[in-house]
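User: Please examine the model shown below and describe how its strands are arranged.

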Amino acid sequence: METLQQVRPEHLNHYGFLFGGYMLMWVDEAAWIAASLDRPKCHFVTVGMEKVEFHHKVQEGSILMLSVNEVKVGRTSVSYQVDVTCRHAAGHERSAEPVFSNQVTMVRVDDEGNKIPL
Ligand SMILES: CC(C)(COP(=O)(O)OP(=O)(O)OC[C@H]1O[C@@H](n2cnc3c(N)ncnc32)[C@H](O)[C@@H]1OP(=O)(O)O)[C@@H](O)C(=O)NCCC(=O)NCCS
C-alpha cells in the first residue's frame, strides 16, 4: 500500500522543518490502515515500533510517499515495514529521496482490548 502526505506549515517545528512526532503519527497510521485493509475483520492496536532515528530534515511543502509492506505475521501480531520518501515542492526536478524507515507491529484485539489470534 502507498499513501501520500503533504507537509504543511502546522507540521513544522520552531526551526522550520517537519516535527518528528508528525512523521511517527503518519507512519503509525499508515501501518494501521494497511493492517485493517489486509484483514478487514480484525481490530488492531500498535504494540511497538523499531528504534526511531531521524537522519534527514523535511521541508515545508514536501510531499511524502509512505510505502507499507507486510514483513512478518505472528500469532497475534503482524508487522509492516514503512519506508518514507520525499519529493520537494513544485519547481524541483529531483527524484524521491528516502527520509525515514521503521517497522511497526500491530496486535489484533477484541472489543475489550485483549490480544487474540489473527
Ligand atoms: C497490544 C496489547 C494488547 C498486547 O498485549 P501484551 O500482553 O503486551 O502483548 P505480548 O507481549 O504478549 O505480545 C503480543 C504480540 O506482540 C508482539 N510484540 C510485543 N511487543 C513488541 C514489540 N515491542 N515489537 C514488536 N512486536 C512486539 C509479540 O511478539 C506478540 O506477537 P505474536 O503473538 O504474534 O507472537 C497490549 O500491550 C496493549 O493493550 N497495549 C496498548 C496498545 C495501544 O494502546 N497502542 C497505542 C499506544 S498510544
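User: Over how many bridges do strand S4 and strand S5 pair?
Analyst: This is a predicted model, in which local features need pLDDT of at least 70, side-chain atom pairs count only at pLDDT 80 or more, and totals for chains, interfaces and linings use all residues. Residues are numbered from 1 along each chain as its sequence is written. Strands are DSSP runs of E of at least two residues, and helices are runs of H or I of at least four, numbered from the N terminus; two strands pair if DSSP finds at least two bridges between them. Strand S4 (residues 77-87) and strand S5 (residues 97-109) pair in the antiparallel sense, and the number of bridges is 10.

User: Which residue in S5 does Asp 83 stand opposite?
Analyst: Strands S4 and S5 are antiparallel partners, and Asp 83 belongs to the range 77-87 of S4. The residue opposite Asp 83 in S5 is Ser 101.

User: In what order do the strands of the open sheet lie?
Analyst: The protein has 1 helix and 5 strands, and along the sequence the pattern is β-α-β-β-β-β. The open sheet holds 5 strands with antiparallel pairing, in the order S1-S3-S4-S5-S2.

User: Why is one side of strand S1 and of strand S2 left without a neighbour in the sheet?
Analyst: Strands of a sheet pair through backbone hydrogen bonds, either parallel or antiparallel. Strand S1 (2-6) and strand S2 (43-49) each have one side without a neighbour because they stand at the edges, each with a single partner strand.

User: What percentage of the 118 residues is buried?
Analyst: A residue counts as buried if 20 or more other C-beta atoms, placed from the backbone, lie within 10 Å of its own. Of the 118 residues in the protein, the buried share is 23%.

Conventions:
A residue is buried if 20 or more other C-beta atoms lie within 10 Å of its own, exposed if 12 or fewer, and partly exposed in between; C-beta atoms are placed from the backbone.
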